[in-house]
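The following exercises practise the description of contacts between helices, chains and domains. Each task is followed by a solution in steps.

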Amino acid sequence: MAKSFFHNKVAVISVAIIVIIALMAIFAPFLTPYDVARQDLLSRLKAPGTEHLLGTDELGRDVFARMLYGTRVSLLIAVIPTALAVVLGMIMGIISAYYGKIADMIIMWLADVTLAFPGMLLAMAIMYTFGGSFISVLISIIMMEWGSIARIVRSVTMTIVENEYIQAARTMGVRKIVIVVKHILPNLVPTLIVLFTLNVPSSILSESALSFLGIRIQPPDVSLGLMVNQSKALLFQKPWLALAPSAMIMILVLAFNYLGDALRDILDPKTKY
Amino acid sequence: MSGFLRRCVGVLLVLLGVMALIFIVLRIVPGNPAAVLLNEHVNKETIERLTASMNLDKSIPEQFLLYLSGAIRGDLGQSYYMKQPVLKLVLTAFPYTVKLTVFAAAFAWIFGIGVGVISAIHHDRLPDYLFRGVSLLGVSVPVFMVALFLQYLFYFKLSLLPLGYDGSAASMILPAIALGWNSAGSVARLTRSSLMEQFNEPYLDTARAKGLTARQAILTHGLKNAMVPVITMLALQLSSMLSGAVITESVFSIAGLGKLALTAVQTRDMPLLQGTVLFSAFIISLGNIISDLINSILDPRLRV
């Protein structure tokens, strides 16, 4: 498995890009001398150059520094809520597939209910109630993503359960929970990895869209979506202000999408989702 | 037909869940919306009067039943901020969103299916790599980035198209492309893989034996079968398009549902937000039923 991973150029390149961006975000304080919030009104709206790598915004703040700190937010959003959504979807999917018809009906009904909402509008309702905090984004992303994850886990679990060794285990009287942990879970791992990788980009896009609409993070906090929102008014005069954070979002999302596709080919060549 | 009926009952149950969920999400944090609305300086009686008129003095289950029976009769309540019935505001905004979504879907489907078919026919050769790159780029750019880029290029640099929506057909082009861009990417990816799965099917050999060229057989017979999953996706796309419409409508200032929902959040107008979200979920459920119907026409095996 590791060998076919290193033979897949796309996978290796996308991992490299993700790691580099993550390192840049983590070590942001060492990469830029500028503070994200410090305003320098004498050097407002500088074009990209040697002093300010990507120029400065309308308050004289360094765009490169803000972009690095904004990337931290995007990556945090990318990883934590998505991981929780995958865990919830996994638990629900397994219960649905393996713990009887009534549980299946209720869980699939719940999944259908959350999937009936346009994700963005559901997130806006959550922001209305809980404000634009990290917790709100966490809840929103879990609500948006768990349903489709649960459906896929359910169908994959159903095919795993068909295997003869699981039927043999059941005949021998092995308890359900033991079968789930020892036999079903290991078989689900490839699917879960692919689902996680493919849901990360949707999380990044959702968060950036909510920030762009101005209903999530509020200044002086930084976020890539908020940076684009703030530079909207100067789009025609200073296009790089909007370009830098948008490009960062795009590169991250693209890298995760390529990685997800490649991982699916490597880990799970037969499944289609 | 009983399968279809069962499907409809399922959709009704989902809608009931949708109504319950949005009711809970908007009310889970305690606090009197009437007081928030009027702010603290108003005397107690006014607050009480408004509280009573909004049914906020009743218990939560009672409120839910009132809201449920209202929604069934088409009464989504009164907007706090705009002082008009929510249903009226939603129905005024809806045609704009329909127009935007239809144009966006048309763009996504023509562009997406075209790219997907070319990719599949030339699979694993240069045009395929090129177009697969384009479609992955399609699903990877944020909607607002496409929107701003289009404004920059077509309004500012080329002065070809208007900046915002002004009612003309020309001013709908940029919003439609901005909103359709993501979907075009997903449609292209799915069309490609779905069409390639048809390549080894025996019915294509039959079509070849009857004298069609390989390309004719794929385009006339293969494409029809390959469209089944792509059409199922239409329903899913509807949901993501309504999400994207919030951004597109705000960038191009179109007075549609997304803009209405955004205004509702900004002005803390709970009935308006509730009504808009509910209405969108209803549209999505309707879209699911319609896509089922279209698929059962295309593929007789799906008729239950």
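**Exercise 1. Determine the handedness with which H2(A) passes H11(A), and describe the contact of these helices.**

*Solution.* Step 1. H2(A) passes H11(A) in a left-handed crossing. The model examined here, and in the exercises below, is a predicted one.

Step 2. Two packed helices are described by the angle between their axes and the distance between the axes. For helix H2 (residues 9–26) of chain A and H11(A), the axes come within 8 Å and cross at roughly 145 degrees.

Step 3. The residues in contact are then identified. H2(A) contributes Val10(A), Ala11(A), Ser14(A), Val15(A), Ile17(A), Ile18(A) and Ile21(A). On the side of H11(A), the contact includes Ile251(A), Leu252(A), Ala255(A), Phe256(A) and Tyr258(A).

Step 4. Sorted by class, this contact has 15 nonpolar residues, 1 polar residue and no charged residues.

**Exercise 2. Describe the crossing of H7(B) and H8(B).**

*Solution.* Step 1. The crossing of H7(B) and H8(B) is right-handed.

Step 2. The axes of helix H7 (residues 143–157) and helix H8 (residues 170–198) of chain B come within 9 Å, at a crossing angle of roughly 145 degrees.

Step 3. Among the residues of H7(B) in this contact are Val146(B), Leu150(B) and Phe154(B), while those of H8(B) include Ile177(B), Trp181(B) and Asn182(B).

Step 4. The contact of H7(B) with H8(B) comprises 10 nonpolar and 2 polar residues, with no charged ones.

**Exercise 3. State how many residues of chain A and of chain B are in contact, and analyse the side that belongs to chain A.**

*Solution.* Step 1. The contact joins 36 residues of chain A to 39 residues of chain B.

Step 2. On the side of chain A, at least two residues each come from helix H5 (101–115), helix H6 (119–130), helix H9 (176–212) and helix H11 (240–267).

Step 3. H6(A) supplies the largest share of this side, 10 residues.

Step 4. By class, the side of chain A that touches chain B has 29 nonpolar, 5 polar and 2 charged residues.

**Exercise 4. Identify the domains into which chain B is divided, and analyse their contact.**

*Solution.* Step 1. Chain B is divided into domain 1 (2–72) and domain 2 (86–302). Over C-alpha atoms, the centres of these domains are separated by 33 Å.

Step 2. Domain 1 and domain 2 of chain B each give 12 residues to the contact.

Step 3. On the side of domain 1, helix H1 (2–27) and helix H2 (33–38) of chain B each supply at least two residues. The largest share, 9 residues, comes from H1(B).

Step 4. This side of domain 1 of chain B has 11 nonpolar residues, no polar residues and 1 charged residue.

Definitions and conventions: Residues are numbered from 1 along each chain as its sequence is written. Chains are lettered from A and ligands numbered from 1 in the order in which they are written. This is a predicted model: local features need pLDDT of at least 70, side-chain atom pairs count only at pLDDT 80 or more; totals for chains, interfaces and linings use all residues. Domain bounds come from an automatic or database domain assignment. Two residues are in contact if their C-beta atoms, placed from the backbone, lie within 7 Å. Helices (H or I, at least four residues) and strands (E, at least two) are DSSP runs, numbered from the N terminus. Ala, Val, Leu, Ile, Met, Phe, Trp, Tyr, Cys and Pro count as nonpolar, Asp, Glu, Lys and Arg as charged, and the others, Gly among them, as polar. Axes are lines fitted to C-alpha atoms, for helices over the stretch in contact, and angles run from 0 to 180 degrees between N-to-C directions. A crossing is left-handed if the near helix is turned anticlockwise from the far one by less than a right angle, and right-handed if clockwise.
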